[in-house]
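Let's walk through this model together, starting with its sheet and then moving on to helices, a pocket and a few backbone oddities. Keep the viewer open as you read.

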Amino acid sequence: MAPQATGTPLRIGVLGCGDIAWRHTLPAMVRVPDVAPAAVASRDLAKAERFAAEYGGVPVEGYENLLARADVDAVYIALPAGLHHEWALRALKAGKHVLVEKPVTTTLAEAEDLVATAEKCGRWLMDGFMFLHHSQHAAVRALLDEGAIGEPRMFSCAFGIPPRPAGDVRYQADLGGGALLDVGVYTVRAAQLFLGDDLSVVGSMLQRDEERGIDLGGNALLCSGDGVPAELSFSFRSGYRSMYAIWGSKGRLSLHRAFTPPATLRPMVRVTRQSGTEEISLAADDQFGNMLRAFARAARGETEFGPYRDTVLHHMGLIDEIRSRARWV
Ligand SMILES: NC(=O)c1ccc[n+]([C@@H]2O[C@H](COP(=O)([O-])OP(=O)(O)OC[C@H]3O[C@@H](n4cnc5c(N)ncnc54)[C@H](OP(=O)(O)O)[C@@H]3O)[C@@H](O)[C@H]2O)c1
């Protein structure tokens, strides 16, 4: 398959008619001209028909049947984490570019397999960390670069959500459940964004849910190559929290709604120095739409895969290490 031609929308097939696809990703596919929903697959045809009636595309019964379609250039995989590797692999081998929801896989070995397959097949593999595509993080980076808080000395980050309904896929061990893979991964990716790709794990703890065989939350301490620590917290059993803060030699800054800002929200960065606290209002931004535009650019061959690949593999390596070194409580 040749790279996508400029000006032609990337025709995306959706695997799995779930919550995130319905509430966020499909609406974004409809409003972003660079992409178009081409087909929607479910295990249940009636569900696919309901999604297609709302957002367009051909309803398809069974994920396999969607991968066989010649009118689909790329897929968006919105399945539980434990199914990402299997279906991303099949999609790449079927010649499709792949946008797979976070986490890309549940282990580093699976991520390595996908990356190698993407390179062999000449297709893009992108993970669905929408937050990376919001301009608020570049604004924070610009504040750091202009010395707003001096030299960064510590990064801290938290993402937690209240308990979900009992049958939620996030509670099912065989589907890749657990807080580390669902919300913890955001905190790790945010640490990579600000501290770079030479982070290592100093220590971690995970809270065990014996009955379900998953973790319900935890903490990790990471350290950058030049000695800046990252304190990460994640939870399935707390009030909602989605933030990071950077403590520097001359002050500190914090950003709330770091991972899930609605497209209409004007984010606020709070900067505190000896002279007082300043609240800086940033522009609203559409992180779902931006991510789809970035995916379309990648499919057109306008983005280099190498640096992205290294970040994804570093990410899953850190997740493996947080899990393998954890003290379980
Ligand atoms: N980037 C973000 O902001 C964000 C936010 C929330 C979630 N996510 C990620 O998106 C993915 C889906 O999350 P979600 O909240 O949309 O989940 P969900 O509502 O439970 O949807 C998952 C879909 O997967 C399909 N599926 C296939 N096998 C299944 C099985 N054995 N059990 C249950 N469902 C199965 C189902 O679609 P069919 O019945 O149609 O086949 C189901 O609707 C996860 O990887 C999650 O981490 C990302």
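Two strands pair if DSSP finds at least two bridges between them. The elements themselves are DSSP runs numbered from the N terminus, with helices (H or I) needing at least four residues and strands (E) at least two. One caveat before we start: this is a predicted model, where local features need pLDDT of at least 70 and side-chain atom pairs count only at pLDDT 80 or more, while totals for chains, interfaces and linings use all residues. Residues are numbered from 1 along each chain as its sequence is written, and side-chain values use heavy atoms, with hydrogens and water left out.

Now for the sheet. Nine strands make up an open sheet with mixed pairing, in the order E14-E13-E12-E11-E7-E10-E9-E8-E15. Strand E14 (276-281) and strand E15 (327-328) sit at the edges with a single partner strand each, so one side of each has no neighbour in the sheet. As a reminder, strands of a sheet pair through backbone hydrogen bonds, either parallel or antiparallel.

Go to strand E7 (residues 152-160) and strand E11 (residues 241-248): they pair in the antiparallel sense over eight bridges. If you want one contact to find on screen, Phe159 has Ser242 in E11 as its bridge partner. Moving along, E12 and E13 are also antiparallel, over five bridges, and here Gly251 is matched with Arg273 in E13. Arg273 turns up again in the next pairing, where its bridge partner in E14 is Gly276. Six bridges join E13 to E14, and these two run antiparallel. They form a hairpin with two residues between them.

The loop between strand E12 (251-256) and strand E13 (268-273) deserves a stop. Arg257 is located there, and it has a positive phi of about 55° although it is not a glycine. Most residues other than glycine have a negative phi, and most peptide bonds are trans. Arg257 has a relative accessible area of 35%, so it counts as partly exposed (buried means under 20% relative accessible area, exposed over 50%, and partly exposed in between, using a 1.4 Å probe and protein chains only). Pro267 lies in that loop between E12 and E13 as well, but with 1% relative accessibility it counts as buried. From Pro267 to Gly301 there are 34 residues in sequence and 32 Å in space, C-alpha to C-alpha.

What about cis peptide bonds? One joins Lys102 and Pro103, with omega about -10°. Pro103 is found in the loop between strand E5 (97-100) and helix H5 (108-121). Another loop, between strand E4 (74-77) and helix H4 (84-93), holds Leu79. Leu79 is buried because its relative accessible area is 6%. Its C-alpha is 6.9 Å from that of Leu15, although Leu79 and Leu15 are 64 residues apart in sequence.

On to the helices. The expected span of a helix is 1.5 Å times one less than its number of residues. For the 17 residues of helix H7 (residues 179-195), that should give 24 Å, and the end C-alpha atoms are 23 Å apart, which agrees. Even so, H7 bends by about 40° at Val185, the bend being the angle between axes fitted to the seven residues ending there and the seven starting there. H7 is mostly covered, with 16 of its 17 residues buried. Just after H7, Gly196 takes a positive phi of about 95°. H8 has 13 residues and reaches 18 Å from its first C-alpha to its last, close to the 18 Å expected. It is mostly covered too, with eleven of its 13 residues buried, including Phe288, Met291 and Leu292.

Both helices meet again in the second largest pocket, which holds about 280 Å³ of space. Of its 13 lining residues, Leu132, His133, Arg189, Tyr308 and Thr311 are the closest to its centre. The elements giving two or more residues to this lining are H7, helix H8 (287-299) and helix H9 (305-324), and H7 gives the most, with three residues. By class, the lining has six nonpolar, four polar and three charged residues. Here Ala, Val, Leu, Ile, Met, Phe, Trp, Tyr, Cys and Pro count as nonpolar, Asp, Glu, Lys and Arg as charged, and the others, Gly among them, as polar. A pocket, on a 1 Å grid over the protein atoms alone, is an open set of points where a 1.4 Å probe fits, with protein on both sides within 12 Å along at least five of seven lines; lining residues have an atom within 4 Å of a point. Grid points are joined across faces, edges and corners, and the volume is the space filled by probe spheres set on the points.
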